[in-house]
Amino acid sequence: MSRLIVKPKGRDEEGKILEVTPESAGWKYVGFEVYSLKQGETLKKQTEDKEVCIVLLSGLANVKTNKTVFENIGKRMSVFEGTPPYSVYVPSDDVFEVHADTDVDIAVCLAPGKGTHEARLIAPEDVGIEARGYGHMSRTVHNILPESEPADSLLVVEVYTPDGNTSSYPPHKHDKDNLPQESYLEETYYHEINPQQGFVFQRVYNDDRSLDETLAVEHRNVVLVPEGYHPVSSVPGYSSYYLNVMAGPIRTWKFYNDPDHEWLFINVMQTK
């Protein structure tokens with residue numbers, strides 16, 4: 001199996017089914033976890049030196065931090081309902097507690113924090129909805145924690161790609177600290193597929209092809225993008241959802257397009 005794919009495991013004692021740490025990924029900034037909680041279960045975690053964005057993938061929950069309580073949050077029972085999620089931002093040196101009112105799946109997005117911002121609820125109405133691309137490059141983007149909203153390191157977005165379409169396309173990368181032209185951002189892709197027995201293809205490659213992998217990605221796989229271009233293609237009959245987490249030394253998303261495919265950017269304003 002490719003080192004770029006992390007597959008889910010059975011629930012541990014906390015309900016965790018997926019985990020990416022900077023140490024396991026071989027990078028510095030991004031961490032990512034998925035928990036599958038049964039109704040009535042509670043997850044409690046310290047944020048320590050990380051800021052956290054908790055994304056309710058599905059189900060209903062109560063979320064508490066040291067200073068705040070967010071009750072009866074959640075709406076969608078599947079990511080493929082297509083509505084924006086409820087999320088909670090939690091700063092470093094805090095704690096969060098998630099109590100499952102129904103069976104609930106949550107993504108925990110982590111990156112270095114400075115304690116600059118207070119915990120807050122990110123409600124569906126706070127999430128920017130954006131149509132990107134055209135034709136077979138069209139997809140729908142939910143900007144959960146974009147650059148325009150306060151955080152220390154994290155950038156979080158979810159993307160819906162219809163079957164037969166390709167997203168994160170035309171290919172782009174963000175692996176050099178070369179502002180203002182390009183920013184260095186590590187990235188995870190958490191994938192869900194509808195129906196669940198399906199798959200998507202994701203290619204991760206750099207300019208000199210010292211990295212060049214084409215991955216068959218299944219339901220609930222995470223793909224690591226340490227560098228390079230990283231388009232995703234949905235196969236016919238199976239629609240794609242993915243949740244992106246990005247972080248780096250500077251919290252800005254400046255991407256560089258693959259010159260071989262620059263011509264595809266006609267009428268495309270953004271490419272995620």
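**Exercise 1. The cavity**

Task: In this predicted model, which residues line the largest cavity, and how do they divide by class?

Solution: Begin with the lining, which is made up of Leu-56, Ser-58, Gly-59, Gly-74, Lys-75, Arg-76, Pro-84, Pro-85 and Tyr-86. Next, sort these residues by class, which gives four nonpolar, three polar and two charged residues; the sorting depends on counting Pro and Tyr as nonpolar and Gly as polar. Then turn to the volume, since the largest cavity holds about 40 Å³ of space, and a search of the whole structure finds one cavity of 30 Å³ or more.

**Exercise 2. The surroundings of Glu-158**

Task: Determine whether Glu-158 is buried or exposed, and find which side chains make polar contacts with its side chain.

Solution: First place the residue, which belongs to strand β14, residues 155-161. Its relative accessible area is 0%, and because buried means under 20%, Glu-158 is buried. Next, list its contacts beyond four places in sequence, which are Arg-76, Thr-83, Pro-84, Pro-85, Thr-140, Val-141, His-142, Ile-144, Tyr-241, Tyr-242 and Leu-243. Among these, Arg-76, Pro-84 and Pro-85 also appear in the lining of the largest cavity. Finally, look at the polar contacts of the Glu-158 side chain: one, of 2.7 Å, goes to the side chain of His-142, and another, of 2.6 Å, goes to the side chain of Tyr-241. Tyr-241 also belongs to a cluster in which ring pairs link Phe-80, Tyr-160 and Tyr-241.

**Exercise 3. Two serines in strands**

Task: For Ser-36 and Ser-87, state in which strand each serine lies and whether each counts as buried or exposed.

Solution: Start with Ser-36, which lies in strand β3, residues 31-37. With a relative accessibility of 14%, Ser-36 falls under the 20% limit and therefore counts as buried. Leaving out residues up to four places away in sequence, Ser-36 touches Arg-11, Gly-15, Ile-17, Glu-41, Val-104 and Asp-105, and its side chain is joined to that of Asp-105 by a polar contact of 2.9 Å. Continue with Ser-87, which lies in strand β8, residues 87-90. Its relative accessibility is 0%, so Ser-87 also counts as buried. Beyond its neighbours within four places in sequence, Ser-87 is in contact with Cys-53, Ile-54, Val-55, Arg-120, Leu-121, Ile-122 and Ile-144. Ile-144 is also among the residues that Glu-158 touches.

**Exercise 4. Aromatic pairs**

Task: How many aromatic pairs does the structure hold, and what are the geometries of the pairs Phe-199 with Phe-201 and Trp-253 with Phe-255?

Solution: The structure holds eight aromatic pairs. In one of them, Phe-199 and Phe-201 stand 5.3 Å apart, centre to centre, with 70° between the planes, and since an angle over 60 degrees counts as edge-to-face, this pair is edge-to-face. Trp-253 and Phe-255 form another pair, with 4.9 Å between centres and 45° between planes, which is tilted. Now add accessibility: Phe-199, at 32%, counts as partly exposed, as does Phe-201, at 37%. In the other pair, Trp-253 is buried at 15%, whereas Phe-255 is partly exposed at 23%. As a last step, locate Trp-253, which lies in the loop between β24 (239-247) and β25 (256-257); its C-alpha atom is separated by 6.1 Å from that of Ser-183, although the two residues are 70 residues apart along the chain.

**Exercise 5. Backbone geometry in loops**

Task: Which peptide bonds leading into Pro-170 and Pro-195 are cis, and what are the phi values of Asp-93 and Ser-168?

Solution: Recall first that most residues other than glycine have a negative phi, and most peptide bonds are trans. The bond from Tyr-169 to Pro-170 is cis, with omega near 0°, and Pro-170 lies in the loop between β15 (166-167) and β16 (172-173). A cis peptide bond also joins Asn-194 and Pro-195, with omega about -5°, and Pro-195 is found in the loop between β19 (186-194) and β20 (199-205). Turning to phi, Asp-93 has a positive value near 55° and sits in the loop between β8 and β9 (95-100). Ser-168 has a positive phi near 50° and lies in the loop between β15 and β16. Their accessibilities can then be set side by side: Asp-93 counts as exposed at 67%, whereas Ser-168 is buried at 0%.

Key
Residues numbered from 1 in each chain as written. Predicted model: local features only at pLDDT ≥ 70, side-chain atom pairs only at ≥ 80, totals over all residues. Heavy atoms only, no water. Helix = DSSP H or I, 4+ residues; strand = E, 2+ residues; numbered from the N terminus. Buried < 20%, exposed > 50% of the residue type's maximum accessible area, 1.4 Å probe, protein only. Contact = heavy atoms within 4.5 Å. Polar contact = N/O pair within 3.5 Å; in protein donor to acceptor, adjacent residues only side chain to side chain. 1 Å grid on protein atoms, 1.4 Å probe; cavity = no way out; pocket = protein on both sides within 12 Å on 5 of 7 lines; lining within 4 Å. Points joined across faces, edges and corners; volume = space filled by probe spheres on them. Phe/Tyr/Trp six-rings, centres within 6.5 Å; stacked < 30°, edge-to-face > 60°.
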